[in-house]
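Hi,

Here is the structure I promised to pass on. Have a look at it first, and then read on for what turned up in it.

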Amino acid sequence: MSSRILLAAVTAFLYLPVAVLVVFSFNASEVMAFPLSGFTWHWYGVLANNDNFWNGFVASLLIAQPVGLLGTLIALATALALADRRPLRGRMVLIGLLLIPFLVPKSVLSIAQAMIMSRVGIPRGATVLILAQTLMVLPFTTALIASVLVRLDPRLEEAARDLGALPWQAFRRVTLPQLKAAIGAAYSVAVILSLSDLAISMFLSGRTQPLSLIVASQFRRELTPDLNAMQVVVLAVTVLLVTVSELLRRRQTKAQTIPFDIQPAAALGHRA
Amino acid sequence: MTLSKHHLAIPAAVVLVIGAVLPILLLVMFSVFRVEDLDLVPALSLRSWTDVVTSGTYRFLIGKAVVSGIVTVLLCIPVAYPLALCLTRLDARWKGIGLIVLLTPLYTGEIVRIYAWRIVLGSEGLVNATLKALGVIDQPLKILLFSPVATHLVLAYDNLPFMTLAIWVSAEFVDRRLIEAARDLGARPMQAFAQVWLPLTAPGLAAGAFATFSLAAGDMLTPMLLGGTSGATAMAMIDNLFGTAFDWPTASALALTLLGVLNIGAVLIALAVLRLGRLRAGVSA
């Protein structure tokens, strides 16, 4: 009984700020204070006309897509190298490198990167922001893909090779289909981390203004309810992404789908 | 040379060496340079390092980061520990739901969370309005927002999921029969907890403390946006030295000191927790 109370209390604590945000985005009052004044869509209308916020939102989304693509592709390549059955030379060095973004605070790393760039004369802006965020997401995306990769049955790919498939064909038709869900999940995690980043953007975004930066600059002034509505929109996009990636992950665990044309190869693999 | 799967590690290695290793090595280099006429001059000067070590301000800011980290760890453990034990007792389906409930708040961006807490803690916010309605207070509690209270509450909020997850994972591996055996042999619930649960979950607790300390002590945005006048951090000072003051050597030395203190602090805290677990286990042996 007491454990239920604890679970309920912590859940309430974890979701309290989000709930308050959503409630005030529909509250019919200029001031964000209790008691509430009634329901309105007004702030979403105001938001729709605020070009500043929308530009920031679009900038954030446009930065998040390449971060997702790069972060997933590089992670896939790295995971394949790490999970290869012939042990990778310098494996521990690579793992150590992947841990750096965890051990160094994001702002320290970003300042150091900004120093180099200003020394060498690389302008700050969208390109370097994308690269820096890709670096930040790599440990997460690599861990996600590698954790699925090491659980795959290596005999499936071997069987495909035995039946005459080239390495690339075996990868594309046997391994890749089994990794689809993990790749999807890695992509969404990268996009979410990019969208929620503020620390890196603060130092590297240059003239590009992602939404998180615009919100942070508004923060010291009086808050307006249309900013609430904007945060709720961001939240909705995030929840959508999380749901999609979670559904992908579940589909993978439920049915490890094997394409029809390699069924014999799979059978062969299981007999071995 | 033929291409093999191993070559696929090259892109990541290149990105990490250029984007992470090189910048940190350059911090080391810049920290011994000198500034002359608004230009960095290669030199072997220890001025910035002596500045960082002797200056009261820098020592205060680094000490403050350490204290912030420790306070956050101490705030998280009393909630995370019982929570993790509750979660291990759920059946498989509810565990899955529990995991999602625990991790989803992490996906909301830093700024969204800070923003939302500002509304909750503001003078007309949820907490003050509730306390007023209950008749506990007449005047809104100003100390809730733009204060160390707000900073540490939000740091604890941010790190609670990590701490809980780390303890939960290690608690899942504890053999239930050990607890039952302890109880059968006459241990009271608190004794069974201190002498069986605590030593066996110490690794998880240590991992959680390590992560929470590093993340909380290295945070700049939460104190900056919610800490008010108490919001000065070593990180903000580094930013200031780098940008406005153009004192890159001192900025570099301070950044490296902060980095070292954070990592050493995290390791020490993790070791202390592990030691506590071993001491407890020793008592029961």
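Let me start with the second largest cavity, which is lined by S60(A), I63(A), L129(A), Q133(A), S194(A), L195(A), D197(A), S201(A), P210(A) and S212(A). Before you read too much into any of this, keep in mind that the model is a predicted one. This cavity has a volume of about 50 Å³. Three helices of chain A, namely α3, α6 (126–149) and α8, each give at least two residues to its lining. Sorted by class, that lining has 4 nonpolar, 5 polar and 1 charged residues.

How many cavities of 30 Å³ or more does the structure hold? There are 3. The largest of the cavities comes to about 140 Å³. Its lining takes in 17 residues, and those nearest the centre are L195(A), S196(A), L211(A), V234(A) and V112(B), so to speak a list with both chains in it. At least two lining residues each come from α3, α8, α10 (211–219) and α11 (225–254) of chain A, and from α5 (110–121) of chain B. The largest share, 4 residues, belongs to α11(A). No charged residues line the largest cavity; the classes there are 10 nonpolar and 7 polar.

Next, the open space. The second largest pocket holds about 880 Å³. In chain A, the elements giving two or more residues to its lining are α3 (51–83), α7 (154–162) and α8 (167–196). Which helix supplies the largest share of this lining? That is α8(A), with 6 residues. Altogether 26 residues line the pocket, and L80(A), D84(A), E157(A), T175(A) and K5(B) lie nearest its centre. By class, the lining has 14 nonpolar, 4 polar and 8 charged residues.

Finally, the packing. The largest nonpolar core has 155 residues. Which of them have the most contacts inside it? They are M115(A), L204(A), M230(A), Y115(B), I238(B) and L258(B). Take L258(B) as an example: leaving out residues up to four places away in sequence, L258(B) touches V108(A) from chain A, along with I62(B), A65(B), A234(B), M235(B) and I238(B) from chain B. Another core, of 5 residues, lies apart from the largest one, and its members include L156(A), A160(A), A170(A) and V174(A).

Happy browsing!

How values were computed. Residues numbered from 1 in each chain as written. Chains lettered and ligands numbered in written order. Predicted model: local features only at pLDDT ≥ 70, side-chain atom pairs only at ≥ 80, totals over all residues. Heavy atoms only, no water. 1 Å grid on protein atoms, 1.4 Å probe; cavity = no way out; pocket = protein on both sides within 12 Å on 5 of 7 lines; lining within 4 Å. Points joined across faces, edges and corners; volume = space filled by probe spheres on them. Nonpolar A, V, L, I, M, F, W, Y, C, P; charged D, E, K, R; others polar. Core = buried A, V, L, I, M, F, W, Y, C linked by side-chain atoms within 4.5 Å. Buried < 20%, exposed > 50% of the residue type's maximum accessible area, 1.4 Å probe, protein only. Contact = heavy atoms within 4.5 Å.
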